[in-house]
Every structure is written in structure tokens, then in C-alpha cells.
Amino acid sequence: MIKAEHISKSYRQGFFSSRKQEVVLDISFHMKKGTTFGLLGSSGCGKSTVARMIMGILKPEKGQILIEGTDPQAMDRKTRGQIMQMIFQQPEESFDPEMRLGKSIAEPMEVNEIGTAAERKGKIEALMEQLNLPMQILNRYPHQISGGEAQRLAIIRALTLEPQILLLDEPTSMLDVSTQAQILNILKELQKSRGLTYLFITHDAGAARWMCDEIAVMDQGRIIEYGPTEQVFAEPKEKWTKELLFSWQI
Ligand SMILES: Nc1ncnc2c1ncn2[C@@H]1O[C@H](COP(=O)(O)OP(=O)(O)OP(=O)(O)O)[C@@H](O)[C@H]1O
């Protein structure tokens, strides 16, 4: 479904400097349809940069990304949005603070001219029910809901466009432990019922082990371990990776 082949990316170090910092170094991976692929690594190792290249927001300097055979940079915005959506660490920031949540949730469908008003409403109602949220919450503003509710609403908004892929960038790291578990369970159920493909970005080895079919462990822009999750946890190639994996939070 998603193929990344030998991708690299660097950023300019400062406004006045032409020196570059390499943040992703020659990484390759394949994500299979209907499965969860994890990118696990500590802060600053380049995980979000990889996600932004998959989304087509950033262009790899070297290598190639293909989504079902197409370069995401070559997709128009609408097509890209209907293939993949991104879920962020701080969902409340992705909602307009001055807009009622109902309007924010309906907006992507309106912008993309999907369905009639009644069809859009029906789709939102069905998703609200599936994710166990009362409709009244849609009359509120982003500061009037909890982090867990905000993340569920962000997932609902993403799903209104019926994407095949969700890029989950630390989707639970701002939540307390029981809400984290709730959100991860919801994501698993949605994957089963809709056949979704996930890229799960995290620094939490426990969550990665629980969620992912395959993982890549990243360190300083490189992939240092890659394979089926249980195999990576059972037989990491490097001794220090083992220590890292079993410290859970890295
Ligand atoms: N637009 C940018 N310009 C310059 N440097 C950047 C930019 N975006 C990220 N970086 C730097 O690139 C490195 C990798 O960042 P990235 O966000 O990909 O890491 P990450 O593993 O997702 O970290 P985190 O989990 O903390 O978000 C970091 O050192 C970061 O400071």
C-alpha cells in the first residue's frame, strides 16, 4: 500500500545558515493494506518528518514514496485527502477554537462537496454513535471537551472523508493511561470494521507492541530494527535496542 524506498531529508539549520541537518537517512519500508505499521523512536529521531513526506507535505530529497503506485506529491489535495488523513498528538489544536465542533467536523465534507447536507449529517451521526459520543457535544467549542473526546472527534472528522490510510502521529501521548487504552481500542475496532491501514508513530514501546503488526525502530534518522513486531521484540539485532524496547517509554 505504501512503499518508501531509500528516502532522505535534511533541514537548513538556521535562517542565515546554509548548513543542513540530516534528519532522515536512507530509510525504506513497506506498509501492507489493512495492517498497522509502527515507527518507534525517541523525540527528534525523524518520525514526524517521515509522516509529512508520506502526506506529500514535504518532498524527500532522495528516494521515492509510492502510495498504491502513486507519488503523493503528484496527487491533488482532494485525492490525497480521500486516500489518507493524519491524526495529531494535540487534537484540540486542529479545531478552530471559535467554531462549534459540529461545524468543524462537517467542514472537510463541505469543502470536498461530499454528499447532500442530510447525507453529511447522517454520516456524522453514525460515526458519533460508533465512537460512543453524544450528538450534543457538537454544539460545544474545543475548550469545552476533554482530550479523549477531542481525539475521538478528530478521528471522526478524518473518517468522514472515508480515507484508506490514517497516519497517527503520537495520537495518545497527551492522554492519561485509561483514555489512551480507550482510543487505541477504538482505533483497532475501526481498523477491523473498515479495513484501514495505519502508520502509528510513537515513542511508547508498549503501545507500539500492542498496536502494530510490523515496526521499524528509528534512531537519529535511521531505521535500526525492522520486522514483524513480535520478532523485533523477541530478537532485536542490537543489545542496546533490547534495553530501549523494554524501557517502554523511549
Ligand atoms: N521544519 C523544520 N526545520 C528545521 N528543522 C526541523 C523542522 N522540522 C523538524 N526539524 C528537526 O528535525 C529533527 C526531526 O524532527 P521530527 O519532528 O521529524 O522528529 P520526531 O521523531 O517526530 O520527534 P517528536 O516525537 O519530538 O515530534 C528534529 O531535530 C527537529 O528539530
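Reader: Where does M86 sit, and which residue stands opposite M86 in β6?
Author: M86 stands opposite L167 in β6. Keep in mind that this is a predicted model.

Reader: OK, and how do β5 and β6 pair?
Author: They pair in the parallel sense, over four bridges. Strand β6 covers residues 165-169.

Reader: What sheet is that part of, and what's the strand order?
Author: An open sheet of six strands, ordered β5-β6-β7-β3-β8-β9. The pairing in that sheet is mixed.

Reader: Which strands are at the edges?
Author: β5 (84-87) and β9 (222-228), each of which pairs on one side only. On average, neighbouring strands of this sheet are turned by 15° against each other, direction ignored.

Reader: Back to M86. How far is its C-alpha from that of A158?
Author: The two C-alpha atoms are separated by 7.4 Å, though the residues are 72 apart along the chain. A158 is found in helix α5.

Reader: Is A158 buried or exposed?
Author: Buried: A158 has 22 C-beta neighbours inside 10 Å, and the cut-off for that label is 20 or more.

Reader: What is A158 in contact with, leaving aside its neighbours within four places in sequence?
Author: Q85, I87, P163 and L166. Of these, Q85 and I87 fall in the range of β5, 84-87, and L166 falls in that of β6, 165-169.

Reader: Switching to helices. Which residues of α3 are buried?
Author: L101, I105, A106 and M109, in a helix that spans residues 101-111. Seen down the axis of α3, these buried residues fall within an arc of 120°, so they line one face of the helix.

Reader: And what do they pack against?
Author: Two other helices, α4 (117-130) and α5 (147-159). So α5 comes up again here: the buried residues of α3 pack against that helix, and A158 is found in it.

Reader: What's going on with the backbone just after α3?
Author: E113 takes a positive phi there, of about 50°.

Reader: Now the other sheet. What's the strand order in the three-stranded one?
Author: β2-β1-β4, an open sheet with antiparallel pairing. Its edge strands are β2 (17-31) and β4 (62-67), and each pairs on one side only. The twist averages 30° from one strand to the next.

Reader: How many bridges join β1 to β2?
Author: Nine, with the two strands running antiparallel. β1 is residues 2-14, and a hairpin joins β1 to β2 through two residues.

Reader: Which residues face each other across that pair? Say, what's the bridge partner of R12 in β2?
Author: The partner of R12 is K20. Further pairing on the same two strands puts K9 opposite V24.

Reader: What does α1 touch when it packs on the sheet?
Author: α1 touches β1, β2 and β4. The direction of α1 makes about 115° with that of β1.

Reader: Last topic, the ligand. Which residues are around the ligand?
Author: Y11, V23, G41, S43, G44, C45, G46, K47, S48, T49 and H203.

Reader: Which element gives the largest share of that shell?
Author: Helix α1 (residues 47-54), with three residues. That is the helix that packs on the sheet of β1, β2 and β4.

Reader: And how many of the shell residues are nonpolar, polar and charged?
Author: Three are nonpolar, seven are polar and one is charged.

Conventions: Residues are numbered from 1 along each chain as its sequence is written. This is a predicted model: local features need pLDDT of at least 70, side-chain atom pairs count only at pLDDT 80 or more; totals for chains, interfaces and linings use all residues. A residue is near a molecule or strand if its C-beta atom, placed from the backbone, lies within 6 Å of it. Ala, Val, Leu, Ile, Met, Phe, Trp, Tyr, Cys and Pro count as nonpolar, Asp, Glu, Lys and Arg as charged, and the others, Gly among them, as polar. A residue is buried if 20 or more other C-beta atoms lie within 10 Å of its own, exposed if 12 or fewer, and partly exposed in between; C-beta atoms are placed from the backbone. The arc is that of the directions from the helix axis to the C-beta atoms. Two residues are in contact if their C-beta atoms, placed from the backbone, lie within 7 Å. Two strands pair if DSSP finds at least two bridges between them. Axes are lines fitted to C-alpha atoms, for helices over the stretch in contact, and angles run from 0 to 180 degrees between N-to-C directions.
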